[in-house]
Amino acid sequence: MQATSESARHEGKVIAFVPTMGYFHAGHLNLMREGRARAERLVVSIYVNPTQFGPGEDLDRYPSDFDRDQRMASGVGVDVIYFPPTSEMYPEHYQTYVTVEGVTQNLCGLSRPGHFRGVATVCTKLFNAVKPHVAIFGKKDFQQLVTIKRMVEDLNMDLQIVGMPTTREADGLAMSSRNVYLNTEERKSALCLSRALKMAQGRYEGGERNAARILGEVCPYIEGYPYAVIDYARICDTTTLSDVDVLEGESVLALAVKVGATRLIDNYVFGESLDI
Ligand code: AMP
């Protein structure tokens, strides 16, 4: 991968990169299209990174279909699919990790200890392999995007990070490879996330700026749905990801909800449009 990228760089080609865990949906394809538009070389990685999964999470059953992914990627003009084996990513005696501090403390950092250490480490390794000029991430994983931007700035990594809006199903559910875990009844309940975001948007547009009052409506609304159990619902500053009491600067409502056994996340940056 390094040799391929090095020769593209020698030819003066711009390299765009989309890191993924595979099992593509329209959200992934949208990131790829953005990469395609920004560069002469488009590299997509497929790697289900064990260091970002905690014990008891879905590492062993994470969905995959390489042939389907390959067809979808070639349909949007991907040049290279990079799918390194774990024996190469984490060989025996591997012992180096990247830790981003402040922005990984709240939200998924609370419920998935070690998750962002795994994400920051694998992205560093993938960036070193692919040598991209620009890497494209989804805003659906808002804390991940903030963490990667922080890491790239703090460690003087020589690439640009671009965040793309969340792609949704027609009824509002944020696309996710994990949506295949939902049975018919759970799929209906999964709408609690996007509908709660919509409700919060309405309160904000009506002038509400008190975080506790917005959460006081959002939380019971979500838990009114069958099978839905809130992991977290918080309103945070979009730069620090610390909780805010009053929506003054740019703030985000971040949700993680277990619907049955499936943990779903979604978010809304107050003031932005929400296409639901
Ligand atoms: P994943 O394969 O789930 O690790 O996601 C790979 C990339 O796609 C990450 O940057 C995600 O944020 C992004 N992504 C996942 N779902 C969506 C979505 N519904 N809309 C936009 N980007 C997404």
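**Legend A. T121 sits in helix α6.** This is a predicted model, where local features need pLDDT of at least 70 and side-chain atom pairs count only at pLDDT 80 or more, while totals for chains, interfaces and linings use all residues. Residue numbers start from 1 along each chain as its sequence is written, and side-chain values use heavy atoms, with hydrogens and water left out. Helix α6 covers residues 115-130 (helices are DSSP runs of H or I, at least four residues; strands are runs of E, at least two; both are numbered from the N terminus). T121 counts as buried because its relative accessibility is 1% (buried is under 20%, exposed over 50%, partly exposed in between; 1.4 Å probe, protein chains only). What does the side chain of T121 have 2.6 Å from one of its polar atoms? That partner is the backbone oxygen of R117 (a polar contact is a pair of N or O atoms within 3.5 Å; within protein, one must be able to donate a hydrogen and the other to accept it, and residues adjacent in sequence count only if both atoms are side-chain atoms).

**Legend B. The ligand and the shell of residues around it.** The ligand has 17 residues around it (each with a heavy atom within 4 Å of it). Which of them come nearest? They are M21, H28, D141, T167 and M175. Zoom in on the polar atoms, and a few pairs stand out for labelling. An oxygen atom of the ligand lies 2.6 Å from an N or O atom in the side chain of D141, and there is also a ligand oxygen 2.9 Å from a polar backbone atom of M21. For H25, a side-chain N or O atom is 3.5 Å from a nitrogen atom of the ligand. How much of the ligand does the protein bury? On its own the ligand exposes 480 Å², and the protein buries 93% of that (Shrake-Rupley areas, 1.4 Å probe). As for who builds the shell, β1 (15-20), α2 (26-38) and β4 (134-138) each chip in at least two residues. Among the contributors, α2 gives the most, with 3 residues.

**Legend C. The second largest pocket and its lining.** This pocket is lined by 18 residues (a pocket is an open set of points on a 1 Å grid over the protein atoms alone where a 1.4 Å probe fits, with protein on both sides within 12 Å along at least five of seven lines; lining residues have an atom within 4 Å of a point). Look for K139, P165, T166, V269 and E272, which lie nearest the centre of the pocket. Which elements each supply at least two residues of the lining? They are α7 (142-154) and β8 (262-269), and the largest share, 4 residues, comes from α7.

**Legend D. P165, from the pocket into its loop.** P165, one of the residues nearest the centre of the pocket above, belongs to the loop between β5 (160-164) and α8 (184-189). Is P165 buried or exposed? P165 counts as exposed because its relative accessibility is 52%. Add L274 to the view for some long-range context: P165 and L274 are 109 residues apart in sequence, yet their C-alpha atoms are 9.7 Å apart in space.

**Legend E. H93 and L107 in the loop between α4 and α5.** The loop runs between α4 (86-89) and α5 (108-111), and H93 has its place there. L107 lies in the loop as well. Both of these residues are worth a look if you care about backbone torsions. H93 has a positive phi of about 80 degrees even though it is not a glycine. L107, likewise a residue other than glycine, has a positive phi near 55 degrees. Their surroundings deserve a side-by-side view. H93 counts as exposed because its relative accessibility is 64%, whereas L107 is buried, with a relative accessible area of 4%.

**Legend F. K258 and R9, each paired with a distant residue.** K258 is part of strand β7, residues 251-259, and is partly exposed, with a relative accessible area of 39%. From K258 to Q95 it's 163 residues in sequence and 33 Å in space, C-alpha to C-alpha. R9, at the other spot, is found in helix α1, residues 2-10. R9 is partly exposed too, with a relative accessible area of 28%. The C-alpha atoms of R9 and N106 are 38 Å apart, with their positions 97 residues apart in sequence.
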